[in-house]
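Trainee: I should like to go through two interfaces and ask, for each term, what justifies its use.

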Number of protein chains: 4
Amino acid sequence: MGMIGGGPGAFIGPVHRYAAEMDREIELVAGVFSSDAARGKAAADVYRVDPERAYPTLEAMFAAERERADGIDFVAIVSPNHHHLPAARAALAAGLPVMTDKPLTATLDEADELAGLVRAAGLPFGVTYTYSGYPLVREARARVASGALGTVRKIVVEYPQGWLATEATGKQAEWRVDPARAGLGGCIGDIGVHAFHLAEFISGLKVVSLLADLGTVVPGRALDDDCTVLLRFDNGARGVLLASQIEVGERNGLRIRLYGDRGGLAWRQETPNMLELTKLDGRTEIVHAGSGQLGPDALARTRTPAGHPEGYLEAFANLYRDFAAQLRGEPAPLLPGLDDGLRGMAFIATAVSASRAGAGWVPLTV
Amino acid sequence: MGMIGGGPGAFIGPVHRYAAEMDREIELVAGVFSSDAARGKAAADVYRVDPERAYPTLEAMFAAERERADGIDFVAIVSPNHHHLPAARAALAAGLPVMTDKPLTATLDEADELAGLVRAAGLPFGVTYTYSGYPLVREARARVASGALGTVRKIVVEYPQGWLATEATGKQAEWRVDPARAGLGGCIGDIGVHAFHLAEFISGLKVVSLLADLGTVVPGRALDDDCTVLLRFDNGARGVLLASQIEVGERNGLRIRLYGDRGGLAWRQETPNMLELTKLDGRTEIVHAGSGQLGPDALARTRTPAGHPEGYLEAFANLYRDFAAQLRGEPAPLLPGLDDGLRGMAFIATAVSASRAGAGWVPLTV
Amino acid sequence: MGMIGGGPGAFIGPVHRYAAEMDREIELVAGVFSSDAARGKAAADVYRVDPERAYPTLEAMFAAERERADGIDFVAIVSPNHHHLPAARAALAAGLPVMTDKPLTATLDEADELAGLVRAAGLPFGVTYTYSGYPLVREARARVASGALGTVRKIVVEYPQGWLATEATGKQAEWRVDPARAGLGGCIGDIGVHAFHLAEFISGLKVVSLLADLGTVVPGRALDDDCTVLLRFDNGARGVLLASQIEVGERNGLRIRLYGDRGGLAWRQETPNMLELTKLDGRTEIVHAGSGQLGPDALARTRTPAGHPEGYLEAFANLYRDFAAQLRGEPAPLLPGLDDGLRGMAFIATAVSASRAGAGWVPLTV
Amino acid sequence: MGMIGGGPGAFIGPVHRYAAEMDREIELVAGVFSSDAARGKAAADVYRVDPERAYPTLEAMFAAERERADGIDFVAIVSPNHHHLPAARAALAAGLPVMTDKPLTATLDEADELAGLVRAAGLPFGVTYTYSGYPLVREARARVASGALGTVRKIVVEYPQGWLATEATGKQAEWRVDPARAGLGGCIGDIGVHAFHLAEFISGLKVVSLLADLGTVVPGRALDDDCTVLLRFDNGARGVLLASQIEVGERNGLRIRLYGDRGGLAWRQETPNMLELTKLDGRTEIVHAGSGQLGPDALARTRTPAGHPEGYLEAFANLYRDFAAQLRGEPAPLLPGLDDGLRGMAFIATAVSASRAGAGWVPLTV
């Protein structure tokens, strides 16, 4: 695996490294960690990658790696959003599969171009909607699919954070509030899209229309930092999506609840090893990670017995486990791919434009 | 105290009785518990009220009690919404103060009429927005007022219930889904209005506009049972109000979070004896009911030391303690009164009409 | 009802008043609230009792009340432990039933004397082991009795408090650390005995032997303030009882867990409206107060629907509801009575003496 | 790194592999995974280790690896307890550092022998008391050391599990209840020793005496499965240690609370990313993993920002990170080593013998 991005100060680069290597199916051996050569070498040191294989440019990496018997066989794109398309374009051109961070690209036009390239290349292509990798998220999906909730009628998904409640400082914050690097969306693109994907992933439903109210709370900020989006799903279910980065004191509080005509279900990312199931009669059941209550999807993505907390890195690693399976030609249908990436971009673009226009309900088309 | 409503099968009648009598300042001694005389007598028996003072009509009660040296000196109206106006009208005409359940009336016209009567009468008039009686809700209000959160920028208030997820059966359910008795609103009037009041009560802000999306999920139902309302407050703060009665497995999950530019705050009705305060630096403090951390408003409405859970009945009793103070001519400014009742009705009416019209953002005027 | 004790500064006197009157079956009308007449009158004012019926002595109360048509028909003893025997003796001599706070008396000799008097009198006699009044404690008892846990093999009951972590000041603290008023036990008698009763109440088992390690952590204190007691029950089950009043930051954290060969059960007093049931297969079920999952014992002691928190006062009121039933000659077998009081005293005395002697395992005999 | 043990069906072998490799400082390249050659090869396949380097015996591994330029430079011992001594003896004889699972050995005699060997060898030697690797455990230790609690006066540590509540079946269970493989202790050696280490690790205190009551609840079992141990620490603090493997429904509920004269502290392994701190005034503060509230020990062992749950594998990896530092000759004083291993063995042996003898309080000497 070659990494694109993830230089000094990055948060998500090391996460990809931990996740990709966890099951020992993948090894990070090269990268373009930074456009600055010195910083790239420094990153290589941190990642314990051969400094010779810390390249200054994509071109250099693809050229050099192609010559090696042990050259990289896919890339992970972990750089800010505006890099996703050029990085993916180059990788696909070099014949390499791609695992990219979300959102798919910075703009909808870029997404369209990328879609064409991916389809033409016919190579494995994954998008790291992290939270779909949690075992109990997969369990939730399986329970819904098996009818435990009956017909889903209401979905509430929230993603509160507080770390951008003040003026953004630091590498992580700065690019996320800069339209030139983040693209169309601020909060909606950074975390709203996670919530959107999670709602579709667990429910098996698709959003068909939305009403968006995106706001910018911190003065002087160019992108949204507080989002409310009303949703309608293709079976008529009603939905609410809340995402905010100005909710002081919130850490990474992604939380989803689904309600059907026969049961309900709740999951929280910050206590990810339990799933709450409710019944019409008021009964509440707690499903524990690692327990015998799990179905095959969840069990196969669990590394320790019940009571041994697994977390964010393990969830992320489950996506790479799926990706590794795809690289071997095995099916891994739950790994988010191009279509999920495109739906996410459509969601961001539609929400942003509808909110700006005060457009009320608008269709979501992909 | 004379009770109007609260006959056999009622939920809220006994609650008013518990609450009113808890501090021994008030005694239930008479009532028109039911329009059916036999049922009224049965209720008197349950309430341990002298059966002679279980009256068949309002007129009978007011006439008889007026003659007694120990006659009632106020009424509590606990009947379905469409009874609120006639009951209050008769009580005020008899010169008696009124404590009424929420919402104020069934319709906006009724509310206007009642407002005129209350103002003309100049008698104490309270509205039982129950949740404002919780000690930690009062503490939350005091903390916000003291600047603990800085400027409030975002409020999320949710009121999920699941008990009307299927066709309504039973006395409690039936009138709530019947426009003739419930009035304009279903879920929005039954519980949405509680959430609305709580947001204004704690924040000290006023909603100035809203965007409502009220839905009816259970087939054949005439009123809304699932509500999403976006809010703007008078200081520019953004808000979201969610209320639903079809969220299977939810009991009475009222929950509010306020976020300012310097701190945040969260409270949940189902674990009402703790208040979570957060700071910009990530610090979380838990404030416990009954502890030395409470300010005077909360302390004065707490009956036991920390660790001895108080609940719904004690919160409700705090409203009656305030009302009793008003009856004695003492100030009790935190008791919801006519203005709060009118704002609630405006909220319900505006949300219902705007949602039906698909009107987008509309002003909330009272 | 006449109250003995409960003068200014008392905590438990008002609690008895709230609890006794909650269901309107009992009314506080007289009392010997304090040995100081002025303080007694002040208390009467707080309780809203006719000042004429705030008596300076037990003798005065019994003499005067006997002459009244509406005289008291039982007494509640809420004074420090050393008053329990004389107060009960006088009440029983006056032919009045007794509801007394725990522990039964200050010493074992006193308990023996009281037992003789109660048996001779043949009058209703209750002991307010408060926590047995919680609906979900009664549900827990019913579930165990119905075999949900199989054979109980292990019980862990903890009662952590922190309010006596420093030198005792204030009326509540002072008598509790004074052997002349508290009697044999400090923490063990104040809260340990609650834990002991709860374990026997829920399990239906009896402690047959124990090993006690009572310590005094705060320098200069004459009684124990930190207790560990190992237990064996009559079916061979193992048990641990922890009680402490020096655990800083703990409020009133009574918590019990029972484990059988087929299931487990956990309940916490500070979140009393849920009961956790576990199965051998790892499944966890949450039983909610007020829900349809409750059996008749719990349902009959619940005043509001699910999601409307009930707490300490309501639990206490359930004991008085039972006591009122006994006064009417109806069965209320779950109300703790003389035998429970005697078992508690035997527990305290045995634990104190065995701990002082370093005696290891000793039998518990009553 | 070469692994000893960890063949098919093992739980802890893969955990060591995940943990050791997480930070990319260590690589599993060889092992004696099983005494059965075919099973050893199968394990190598799972671990993705070169099958040539899956050796049938310790001798074979040490001989072959010594010849390789890239031969292993330490071993991880992950086999059942009775293998610890022979494996460590052979590794030390081969000049290799050792990271061993706990308890140190199966018996006290073995521990003594191993201690002599380790001291003579002068090589790095670590013991994987897993829970000391959690960032918030290190934070807890630092807070106690800095005086946040004042003088520690009471420690309660519990380790409830339920998975051995029935007759043991499966590879994990079978050896743990077999004295020939587990050694002196059942539950006390498997998990009690973790609790013991955690109490000493966080408090900085040493246990000087104990009173043990170990029981065997499941019929026919040869070793203890339910343990209560009273503790005294070297500063006079009182302690209670509870460990059980028959508490149905418990997963891996390690939980510790420390109380001083100025504050208290609580941590739970199943929700490891928060630490609760309490003050004499009743104030509770929640410290979140990944937040700016952490001190350097905790921060340096945290891989993601607040709100991104880290768990068991990350905690375990922190021990390997410390061990890797020691291999490089850097200080890593918080890694448990020989002395911690010996104290654990003394604890097990003393508890087992004192419990069998009904000896009451006995000194703990190492």
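The discussion below takes the domain interface and then the chain interface.

Mentor: Please bear in mind that this is a predicted model. Chain A is divided into domain 1 (2–127) and domain 2 (133–306 + 338–357).

Trainee: What makes these two domains partners in a contact, and how many residues does each give?

Mentor: Contact requires heavy atoms within 4.5 Å. On that basis 24 residues from domain 1 of chain A and 21 residues from domain 2 of chain A take part. The centres of the two domains, taken over C-alpha atoms, are separated by 26 Å.

Trainee: How much area do domain 1 and domain 2 of chain A bury between them?

Mentor: The buried area is about 1,700 Å², with 64% of it on carbon and sulfur atoms.

Trainee: Why is the pair A:Asp339 and A:Arg119 called a salt bridge?

Mentor: The term needs a side-chain nitrogen of Lys or Arg within 4 Å of a carboxyl oxygen of Asp or Glu. The N to O distance for A:Asp339 and A:Arg119 is 3.9 Å, so the pair meets the rule. Across the interface of domain 1 and domain 2 of chain A, the rule finds three salt bridges. Eight residue pairs there are in polar contact, both residues being at pLDDT 80 or more.

Trainee: Which elements give two or more residues to the side of domain 1 of chain A that touches domain 2 of chain A?

Mentor: They are helix H5 (108–121) and strand E5 (125–127) of chain A. The largest share, five residues, comes from H5(A). By class, that side of domain 1 has 14 nonpolar, six polar and four charged residues.

Trainee: Turning to chain D and chain A, how many residues does the contact take from each?

Mentor: Chain D gives 34 residues and chain A gives 35 residues. The area buried between chain D and chain A is about 2,900 Å², and carbon and sulfur atoms give 55% of it.

Trainee: How do you know that D:Glu21 and A:Arg24 form a salt bridge?

Mentor: Their side chains meet at 2.9 Å, N to O. The limit is 4 Å, and therefore the pair D:Glu21 and A:Arg24 qualifies. Across the interface of chain D and chain A, the rule finds six salt bridges, and 28 residue pairs are in polar contact, both at pLDDT 80 or more.

Trainee: Which elements give two or more residues to the side of chain D that touches chain A?

Mentor: Those elements are helix H1 (12–21) and helix H11 (312–327) of chain D. The residues of that side of chain D divide into 15 nonpolar, seven polar and 12 charged.

Technical notes: Residues are numbered from 1 along each chain as its sequence is written. Chains are lettered from A and ligands numbered from 1 in the order in which they are written. This is a predicted model: local features need pLDDT of at least 70, side-chain atom pairs count only at pLDDT 80 or more; totals for chains, interfaces and linings use all residues. Side-chain values use heavy atoms; hydrogens and water are left out. Domain bounds come from an automatic or database domain assignment. Buried area is the accessible area (1.4 Å probe) that two parts lose on being put together, summed over both. A polar contact is a pair of N or O atoms within 3.5 Å; within protein, one must be able to donate a hydrogen and the other to accept it, and residues adjacent in sequence count only if both atoms are side-chain atoms. Helices (H or I, at least four residues) and strands (E, at least two) are DSSP runs, numbered from the N terminus. Ala, Val, Leu, Ile, Met, Phe, Trp, Tyr, Cys and Pro count as nonpolar, Asp, Glu, Lys and Arg as charged, and the others, Gly among them, as polar.
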